[in-house]
Amino acid sequence: MTAQDDRRHMAAALALGARGQGRCWPNPAVGCVIVRDGRVIGRARTADGGRPHAEMRALAMAGPAARGATAYVTLEPCAHHGATPPCAESLVAAGIARVVIAAADPDPRVAGRGVAILRAAGIAVMEGVLADRAERDLAGFLSRTTRGRPAVTLKLAASLDGRIATATGESRWITGPEARRAVHAMRARHDAVMVGAGTARADDPMLDVRGLGIDRQPVRVVLSRHLDLPGGGRLGHSARDLPLWLCHGPTAAADLRTAWQGRGAILVPCEVEGGQLDPASVLAALGARGLTAVFCEGGGALAASLICAGLVDRLVTFQAGLAIGAEGTPALAAMGLGRLAEAPRFVLEEVRPLGPDTLATWRPAGT
């Protein structure tokens, strides 16, 4: 195999793994391609729900032909016993001759042990092929493993002057149908969609994925310190059909807790800081429950708190070609900044037209 072959087959494994984003938590969305004599004999991604792992599914497809083959895996094969044997041991048992790995696994149960098992069995191992792309695709899993919280993508959709609604509260639709479809695709690639209580009350949203024909919906997360959400809204009516997690503070009334649990919601207790739910506590609680990637859609207060706390890993902005004026609702609530030097800064990664709107992707400066 040449270096070009290795990159080509790893790119195929990464494309497979990406198909599992939003569908595999708490496990990572891994891709695996098995190649023998230049021909792909097995290919798979981690199954929905996280089991079986990509390597096990690809080996099952390859069968006896896996002996002497090369396996391309986007994350270091696991080395710990769980519901299934370790993937590293399964690769050894199948007679794989060479394993090419994109990203290392920082999970203490793996962290080099998978590679050690392979090399101890005489398997040639190459690491770091397309590592940057793999780490980007696996950012949620890596964040939860190393920081104890899911990776956060914050979405802001606003007018040219940064407004998300008129003075009367009208907000549908600032952006066009192409942007809205893109948002649904982004929701589908995350484990959860998160909003604040103000957005839930004002918009009565479903927070689901529509129009894409998917069969697995993200968890819907709402931050409500007092659980004072309208039970008769669409979230309440659908809580038994689509997962709904409500993050609340310690003073939420017992009758409201009982009522929401009765509707089918999962309650997530969180800490309060400065009179509001502490965003770091919220994300830690979500990570402890297995979420790896969260797509936050506001509103302004929640968005501002996440940015101020340095908890936004990717910022996605949709800018519409209209102006609303100062009386409109701003995309971000007050952040208490007195000097430009205090303002959180982001670095532009991509910008492109999307129908009548503009889509831009940003990352925090210094990352």
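This note sets out points on the domains, sheets, salt bridges and backbone geometry of a predicted model.

1. Domain division. The protein falls into two parts, domain 1 (3-140) and domain 2 (148-364). Taken over C-alpha atoms, their centres are 33 Å apart. The contact between them draws on 9 residues from domain 1 and 14 residues from domain 2.

2. The interface between the domains. The size of an interface is often given as the accessible area lost when the parts come together. Here the area buried between domain 1 and domain 2 is about 1,000 Å², and carbon and sulfur atoms supply 52% of that area. On the domain 1 side, the residues that lose the most area to domain 2 are R23, W25 and G140, which together make up 58% of what that side buries.

3. Polar links across the interface. Between domain 1 and domain 2 there are 2 residue pairs in polar contact. The rule for salt bridges finds 1 across this interface. The side chain of R23 forms a salt bridge with that of D215, at 2.5 Å from N to O. R23 is also among the domain 1 residues that lose the most area to domain 2.

4. The sheet with β1 to β5. An open sheet of 5 strands has the order β2-β1-β3-β4-β5, with mixed pairing. Its edges are β2 and β5 (124-127), each of which pairs on one side only. From one strand to the next the twist averages 15 degrees. Strands β4 and β5 run parallel and are joined by 4 bridges; in this pairing R98 stands opposite A124 of β5. Helix α1 packs on the sheet and touches β1, β2, β3 (70-75), β4 and β5, its direction making about 145 degrees with that of β1.

5. A salt bridge between helix and sheet. Side chains of opposite charge can pair when their charged atoms come close. The whole structure holds 17 salt bridges. One of them joins D6 to R98, with the closest N and O atoms 2.7 Å apart. Because D6 belongs to helix α1 (residues 3-18) and R98 to strand β4 (residues 98-103), the pair ties together parts that are 92 residues apart in sequence. R98 thus appears in two roles: as the salt-bridge partner of D6 and as the residue opposite A124 in β5.

6. The sheet of 9 strands. A further open sheet, also of mixed pairing, follows the order β11-β10-β9-β8-β14-β6-β15-β18-β17. Strands β11 (266-269) and β17 (346-354) form its edges, each pairing on one side only. The average twist from one strand to the next is 20 degrees.

7. Pairing around β15 and β18. Strands of a sheet pair through backbone hydrogen bonds, either parallel or antiparallel. Both senses are found here. Strand β6 (residues 151-158) pairs with β15 (residues 314-319) in the parallel sense over 6 bridges, and T153 has R314 as its bridge partner in β15. Strand β15 in turn pairs with β18 in the antiparallel sense over 5 bridges. T317 stands opposite A360 of β18, while F318 has L359 as its bridge partner there.

8. The β17-β18 hairpin. Strand β17 and strand β18 (residues 357-364) run antiparallel and are joined by 8 bridges. They form a hairpin with 2 residues between them, and G355 in the turn has a positive phi of about 60 degrees. Within this pairing V351 stands opposite A360, and R352 has L359 as its bridge partner. A360 therefore has partners in two strands, given that β18 pairs with β15 as well as with β17, which sit on either side of β18 in the sheet order.

9. Cis peptide bonds. Most residues other than glycine have a negative phi, and most peptide bonds are trans. The bond joining W25 and P26 is cis, with omega about 10 degrees, and P26 lies in the loop between α1 and β1 (31-36). W25 is also listed among the domain 1 residues that lose the most area to domain 2. A cis bond likewise leads from R51 to P52, where omega is near -10 degrees; P52 is placed in the loop between β2 (39-45) and α2 (54-62).

10. A positive phi outside glycine. D37 is not a glycine, yet its phi is positive, at about 55 degrees. This residue is found in the loop between β1 and β2.

Note on methods: Residues are numbered from 1 along each chain as its sequence is written. This is a predicted model: local features need pLDDT of at least 70, side-chain atom pairs count only at pLDDT 80 or more; totals for chains, interfaces and linings use all residues. Side-chain values use heavy atoms; hydrogens and water are left out. Axes are lines fitted to C-alpha atoms, for helices over the stretch in contact, and angles run from 0 to 180 degrees between N-to-C directions. Domain bounds come from an automatic or database domain assignment. Contact means heavy atoms within 4.5 Å. Buried area is the accessible area (1.4 Å probe) that two parts lose on being put together, summed over both. A salt bridge is a side-chain nitrogen of Lys or Arg within 4 Å of a carboxyl oxygen of Asp or Glu. A polar contact is a pair of N or O atoms within 3.5 Å; within protein, one must be able to donate a hydrogen and the other to accept it, and residues adjacent in sequence count only if both atoms are side-chain atoms.
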